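Welcome, and please open your viewer for a short tour. We will go from one selection to the next and look at what is there.

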Amino acid sequence: MLRDYIDIGYSPKGTDLICEFHIEPSAGVNFEEAATHMAGESSIDSWTEIATLSPELAEKLKPHVFFADEKAQTVRVAYSEDLFELGSVPQVLSAVAGNILSMKIVDNLRLQDITFPKSMLSSFKGPNFGLPGIRKLVEVQDRPLIGTIVKPKVGLNSEKHAEVAYNSFAGGCDLVKDDENLTDQKFNGFEKRAELTLKLAEKAESETGEKKMYLCNVTAPTCKEMIRRMNVLKDLGASYAMIDIVPVGWTAIQTLREEAEDAGLALHAHRCMHSAYTRNPRHGISMLVVAKLCRLVGLDQLHIGTVVGKMHGEKHEVLNLRDQCVLNKVPADESQHVLAQDWGGLKPMFPVASGGLAPTMIPDLYSIFGKDVIMQFGGGIHAHPMGTAAGATACRQALEASLEGISLQNYAKDHKELEVALGKWLKK
Ligand SMILES: O=C(O)[C@H](O)COP(=O)(O)O
Ligand SMILES: [Mg+2]
């Protein structure tokens, strides 16, 4: 039998890393046994008594299952910080979200949240720009930012891509990003797209008097190539790079965080593929953990869901993610499986709401998120009956109305683009 890691009532040290798990033992396995195996396998032990684990070593490094609620199928484990390599997300995940997710002894196991101790927090840089730095970059302090995604997702050549971006900027978008699956395809190569689009972003800036940011996707087969692409952006005078964080992986993200600082680029994190492990509420890793790791490593803005759009994500879940992005001290919330986290001054990330949004949803988005959110509209801009620029203008008009507390219907009376958007998207 494994050593006994059940240690109810242990009060975690300030230097412990704490995890909360949802755990469902498989048939015939009792709750404490499953918790013990999970705690052992995520730290120092194996499936059976190992002679090479001395009592002294076990005493020094053993995990403590200090909370176990069988009815709630919830356990909390405190791990000595000595079990972890400082500054390494891959190593933390290999420990507390590695083998244990595959063990037969559980039917389901989900890493709900991690609280990082100050000593580990300080081994990560956190966001370089963060929410305040992005606001300074875009020179917008008092409202949500409006962004779009060039559509169709892929297929346009670089000239057409740049033209759609220009029309989005000219119509009122602050940010224009590539779609997650646009990288360096034959029909729209990375270099040419970046060069043409950044040139037209500059043109839109001079015409509108507003800062216009192009978020070019640097996702690539190797870190070396992603770094090269970031340096291409830097040389072209870009302010941002976009990364598909789940497909590229945590080592790549940590590498790019280093490079981005040298290149002076803000990092936009697209979370496509996260649902492969976050969507099942009974198994995998929560999006809360993913968001915390993104802030720890230092991405500047992160997609967190919309509540009202096409992607799944209940309001309380999305707001928990928002809090994790922006608060310095996150309070514990047992009912939501949220552990307390003091971020120790690590800069906040800019939350991004994107996916299935139309201009008509802006009043709801504003009431849900307030001003500290980037609202992104793909189809909601490029499907506007009067065209892309009008779609972007309709979004700015809907935002102006929301900020002034005027109904969209009233504001539309003397704002044509919004009036047409209401005709197309307001639920009858
Ligand atoms: O990358 C994204 O955020 C989505 O592609 C948004 O596109 P949509 O607004 O058309 O859903
Ligand atoms: Mg997309």
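**Around ligand 1**

Start by selecting ligand 1 together with Ser-354: an N or O atom in the Ser-354 side chain is 2.5 Å from an oxygen atom of the ligand. Keep in mind as you look that this is a predicted model.

Next, add Lys-310, where a polar side-chain atom lies 2.7 Å from an oxygen atom of ligand 1. Then pick Gly-356, and show its main chain: here a backbone N or O atom lies 2.7 Å from an oxygen atom of ligand 1. Switch on a surface now, and you can see how the protein covers 93% of the 320 Å² of accessible area that ligand 1 has on its own.

Now widen the selection to the whole shell. Ligand 1 is surrounded by 15 residues, and the closest include Lys-151 and Gly-378 as well as the three you have just visited. Colour the shell by class to find 8 polar, 5 charged and 2 nonpolar residues. If you hide the ligand and display pockets, the space that ligand 1 takes is the largest pocket.

**On to the metal**

Which residues coordinate the magnesium ion, ligand 2? Select Asp-179 and Glu-180: the OD of Asp-179 and the OE of Glu-180 coordinate the ion, at 1.9 to 2.0 Å. Before you leave, check the surroundings of this pair: are Asp-179 and Glu-180 buried or exposed? Both residues are buried.

Terms used:
Residues are numbered from 1 along each chain as its sequence is written. Chains are lettered from A and ligands numbered from 1 in the order in which they are written. This is a predicted model: local features need pLDDT of at least 70, side-chain atom pairs count only at pLDDT 80 or more; totals for chains, interfaces and linings use all residues. Side-chain values use heavy atoms; hydrogens and water are left out. A residue is near a molecule or strand if one of its heavy atoms lies within 4 Å of it. A polar contact is a pair of N or O atoms within 3.5 Å; within protein, one must be able to donate a hydrogen and the other to accept it, and residues adjacent in sequence count only if both atoms are side-chain atoms. Accessible areas come from the Shrake-Rupley method with a 1.4 Å probe; for residues, only the protein chains shown count as cover. On a 1 Å grid over the protein atoms alone, a cavity is a set of points where a 1.4 Å probe fits but cannot get out, and a pocket is an open set with protein on both sides within 12 Å along at least five of seven lines; lining residues have an atom within 4 Å of a point. A molecule sits in a cavity or pocket if more than half of its atoms lie within 2 Å of its grid points. Ala, Val, Leu, Ile, Met, Phe, Trp, Tyr, Cys and Pro count as nonpolar, Asp, Glu, Lys and Arg as charged, and the others, Gly among them, as polar. Donors are N, O and S atoms within 2.8 Å of the metal (3.2 Å for Na, K and Ca); water is not among the atoms, so sites may look incomplete. Buried means under 20% relative accessible area, exposed over 50%, partly exposed in between (1.4 Å probe, protein chains only).
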